[in-house]
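Colleague: Could you take me closely through one part of this model, the open sheet and the nonpolar core that goes with it? I would like a connected account that also sets this part in the context of the whole chain.

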Amino acid sequence: MNTLGADSDYHPLPTCQLLPGVTRLAPEDHDGPIEYKMQLLGIGPERLDQLCTQMHFRLGEGGGAALYEIGVGDDGELIGLLEDDMRESLETLSRMANKLEVGLQVVGSIHVPPSSDHDDLDQDPRICAEVLIQRRLEDPAFEEIRVVTIGAHQSGKSTLLGVLTHGIPDNGRGRARLALLRHRHEIETGHTSSIAHEIVGYGVDGEAVNYATIPFSFSSKQSIVRASVKVIDFMDCAGHPRFARQTIRGILGYAAHYALCTVATPSGELGDVAKDYLGMCFALGVPTFVCLTKVDLATKDKLRTTMTKLYAFLGMRGRVPVLVQSEGDVDMVLGEGVVPVFLTSCAASLTSIPLLHTFLNALPVPPLPILTSDTTLGPEVHTGARFHVNEVYQHPTAGLIIGGLLRHGTRLPSSTQSVSSSTYLLGPDSSGDFVRVGIKTIHRQRIPTPYLSRGQAGTIAITLKDEGCGFKVRKGMVLVDVPEGEEVKAYEEIEVEVDPGVEDLGVEQAMVYFASARASIKIVASSASADETHDGNGHGHEHEHEGKRTVRYEFTSGPEYVEIGENVVVTRSDGGMAFVGSVVGYSEWEGGGGKV
């Protein structure tokens, strides 16, 4: 489980400071969501901009909420203001809040006696006020497209994304990629080992919105999102085979809309890693485009060789490669079965980057997939909201945070939007059990939102209703909205449909990936051909099914929650991909389950 640092977007509301009996506050902290202001009088436009920048910082520190203590010195002394001065200070604070489009509420005030520094004629009551500044819950009106990056290590994935999202050229020594790397070993080796999320937005005029276009003092993901009508959420995945599991999770876990494959042209090779990931994306139906990187370092012969091998591979897979050389080519390459190809360089000239921005802005949001399990299995199958967990965090004050994707259901509301006190089930654990949880807040691209709609990714702050039960939240679980009286179950076996030509079925120990889950499996039935069945333990089988075969696997690491029609990727024990299939059946786990 990850631990969120101080820069996390999830914070509870700051604790009120001006309580009855309090005579002095702790000295002001330069960090955190609490700001002391002795007074805000006679504020001109330039000073107001500075104060707005400071408020923006405090809101960021508090995850969208901040407290202003008016009439309090930096050392925490309660000095107070006269009534007229307090009114003007609050009016100034209101101007700041209006400029940042945030809410303002006076949550407390106390009278303080005049200090001995005041003369005998200045004995009027003095007031200290506490004001809550809070970003309003939003329904972010922007299109979000999730793009996963695939390709071999050192093919320039992180560098290209660094240039796209930060707007600065690379210096040839890794400057552009540093903003995306999360761990020290990644910085030292240059190899990505985890999934890093970065965004670039596009305004109403189609111009790119990134960290370079947002004023430095307001530079944040939230600012990019608010200035955009379309947001591209890049998932920078590992290219080294050692970390293949992270890349597969990036493709499946967040249901990537598109895949960006990078190929380094100086090598003159396409490479097995790029071929494997391209084949996986084609099998999963993920539209893909290719960026030939480092063209400024490649000779003409190397470039020609790389393009020839790429085009030959795509042709064998039934795809039509099209080289994008101008903005007029963009509309031509958005058709089905077409693989756009870009020649890119992240050097100082950046001549190819604007064309790539034009293409990204033109990408349509793919339609939501048909829910097989919601349309063909009858009323006994639950069709409420199902949020699949990709990430788990623990914050010292906000508590448990889960991140993932709402794959099923129309809408998942936060606690402030629920008509009733909704209770959800989260699971399964290794025993097949689900635990009751409540939803506190929901964020989408770091912006508080009243709900998630189907197909949207987000992060949710939750509370476990059954405290002290020892339930451990992990990746691969699902948050299920279950009507009262109904039950949700986990499954111990799945039946996977595969193409007849697949020979490597993972007869020995293998791994299966589906939705956000990753689990070890073993085949419980095998056959030499589709007509011959050998049942190893009495409940597995393999048979022809409409021109395809179905194979039954058993989860060896514990039960899982799975959907009919879910795409799966099975990998061998050495990590290599065996095949891509889909779930057509399952067997319920006899124990565990959950009921509201």
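**The open sheet and the core**

Modeller: The accessible surface of the protein chain comes to about 26,600 Å², and 49% of that area belongs to carbon and sulfur atoms. The model is a predicted one, and what follows should be read with that in mind. Of the 596 residues in the protein chain, 53% count as buried, and the chain holds 10 helices and 33 strands. Among contacts with a separation of 6 or more, 74% are between residues 24 or more positions apart.

The part you ask about is an open sheet of 8 strands with mixed pairing, whose order is E8-E7-E9-E6-E10-E11-E13-E12. Its edge strands are E8 (208-209) and E12 (320-323), each of which pairs on one side only. Within the sheet, strand E7 (residues 196-202) and strand E9 (residues 230-236) run antiparallel and are paired over 7 bridges; in this pairing Glu-198 has Phe-234 of E9 as its bridge partner. Helix H3 (residues 157-166) packs on the sheet, where it touches E6, E7, E9, E10 and E11, and the direction of H3 makes about 155° with that of E9.

Several strands of this sheet also take part in the largest nonpolar core, which has 38 residues and in which Ile-150, Ile-251, Met-280, Leu-284, Val-290 and Val-569 have the most contacts. At least two residues of this core come from each of the strands E6 (143-150), E10 (258-264), E11 (288-293), E13 (338-343) and E25 (510-514), and likewise from each of the helices H6 (244-253), H7 (272-284) and H8 (300-316). The element that gives the most is H7, with 8 residues. Leu-284, which lies within the span 272-284 of H7, touches Ile-251, Leu-252, Asn-567, Val-569 and Val-580, when residues up to four places away in sequence are not counted. Separate from this is a second core, of 30 residues, which includes Ala-519, Phe-555, Val-568 and Val-570.

For comparison with the antiparallel pair described above, a parallel arrangement can be seen elsewhere in the chain, where 4 bridges join strand E2 (residues 34-37) to strand E3 (residues 65-70). In that pair Lys-37 stands opposite Ile-70 of E3, and E2, helix H1 (residues 45-61) and E3 together make a right-handed β-α-β unit.

Some details of the backbone outside the sheet also deserve a careful look. Glu-101 has a positive phi of about 60° although it is not a glycine; this residue is found in the loop between helix H2 (83-100) and strand E4 (103-112), and it counts as exposed because its relative accessibility is 62%, where the cut-off is over 50%. Arg-446, another residue other than glycine with a positive phi, has a value near 70° and is placed in the loop between E18 and strand E19 (447-448). With a relative accessible area of 38%, Arg-446 is partly exposed. Finally, the peptide bond from Gly-427 to Pro-428 is cis, with omega near -5°, and Pro-428 has its place in the loop between strand E17 (424-427) and strand E18 (435-444).

Technical notes: Residues are numbered from 1 along each chain as its sequence is written. This is a predicted model: local features need pLDDT of at least 70, side-chain atom pairs count only at pLDDT 80 or more; totals for chains, interfaces and linings use all residues. Side-chain values use heavy atoms; hydrogens and water are left out. A nonpolar core is a set of buried Ala, Val, Leu, Ile, Met, Phe, Trp, Tyr and Cys residues joined through side-chain atoms within 4.5 Å. Buried means under 20% relative accessible area, exposed over 50%, partly exposed in between (1.4 Å probe, protein chains only). Contact means heavy atoms within 4.5 Å. Accessible areas come from the Shrake-Rupley method with a 1.4 Å probe; for residues, only the protein chains shown count as cover. Two strands pair if DSSP finds at least two bridges between them. Axes are lines fitted to C-alpha atoms, for helices over the stretch in contact, and angles run from 0 to 180 degrees between N-to-C directions. A crossover is right-handed if, with the strands pointing away from the viewer, the path from the first strand over the helix to the second runs clockwise.
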